[in-house]
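User: Please take a close look at one part of this model, and then set it in the context of the rest of the chain. I would like the numbers, with the cut-offs behind them.

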Amino acid sequence: MPEKNSNTEEASCRCPPGSVCSVEAVLSVDERGQMVLPKDVRKKAGIRPGDRLALITWEKDGEVCCLALMKAEGLGDMVKRVLGPLMNEAE
């Protein structure tokens, strides 16, 4: 993703610090809105038939600019990390 400099506008979506972002595949959307995750990506991510994925979006100026998928089982931990400190402050 482009870094902010004097000649470019700040990127609207960025990977979190310490993570590695890469383009794994380019997907097509069919007429029913379905996409296929390539087998090598599913294997690398440990995604098996029946697994549930959460779709996460980022918006800029009212439009979705980035999409991400994560295993739904990881949502609980993410919510605890985000909301845990807020809940502690409320006590």
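Analyst: Helices (H or I, at least four residues) and strands (E, at least two) are taken here as DSSP runs, numbered from the N terminus. On that basis D61 lies in the loop between strand 1 and strand 2, and the close look starts there. The model is predicted, so local features need pLDDT of at least 70 and side-chain atom pairs count only at pLDDT 80 or more, while totals for chains, interfaces and linings use all residues. Residues are numbered from 1 along each chain as its sequence is written, and side-chain values use heavy atoms, with hydrogens and water left out.

D61 is not a glycine, yet its phi is positive, at about 55°. The hairpin that holds D61 has two residues between strand 1 and strand 2. D61 has a relative accessible area of 75% and is therefore exposed (over 50%; buried is under 20%, partly exposed in between, with a 1.4 Å probe and protein chains only).

The two strands of the hairpin run over residues 53-60 and 63-71. Strand 1 and strand 2 are paired in the antiparallel sense through eight bridges, where pairing requires that DSSP finds at least two bridges between two strands. One of the matched positions is K60, whose bridge partner in strand 2 is E63. Another is W58, which stands opposite C66 in strand 2.

V64 also belongs to strand 2. Apart from its neighbours within four places in sequence, V64 touches T57, W58 and E59; a contact means heavy atoms within 4.5 Å. V64 has a relative accessibility of 46%, so this residue counts as partly exposed.

Now the surroundings of the hairpin. The protein chain has two helices and two strands, which follow one another as α-β-β-α along the sequence. Helix 1 (39-45) takes part in the salt bridge between E24 and K44, whose closest N and O atoms are 3.2 Å apart. A salt bridge here is a side-chain nitrogen of Lys or Arg within 4 Å of a carboxyl oxygen of Asp or Glu, and one such pair is counted. The pair joins distant parts of the chain, with E24 in the segment before helix 1 and K44 in helix 1, 20 residues apart. E24 is partly exposed at 42% relative accessibility, whereas K44 is exposed at 64%.

Helix 2 covers residues 75-90 and includes L86. L86 is one of the residues in a nonpolar surface patch, together with M78, V79, V82, L83 and M87, and the accessible area of the patch is about 520 Å². Patches are built from residues with over 30% relative accessible area and no salt bridge, joining like charges within 9 Å and nonpolar side chains (Val, Leu, Ile, Met, Phe, Trp, Tyr) within 5 Å. Taken alone, L86 is partly exposed, at 47%.

For the chain as a whole, buried residues make up 5% of the 91 residues. The accessible surface is about 8,200 Å², with 54% of it belonging to carbon and sulfur atoms; areas come from the Shrake-Rupley method with a 1.4 Å probe, and for residues only the protein chains shown count as cover. Of the contacts with a separation of 6 or more, 18% are between residues 24 or more positions apart.

Confidence is given by pLDDT, the predictor's value for each residue from 0 to 100. The mean for the chain is 80, and 80% of the residues reach 70 or more. Helix 1 has the highest mean among the elements (94) and helix 2 the lowest (76). Residues 1-12 have pLDDT below 50, and this stretch has 12 contacts in the model beyond near neighbours in sequence.
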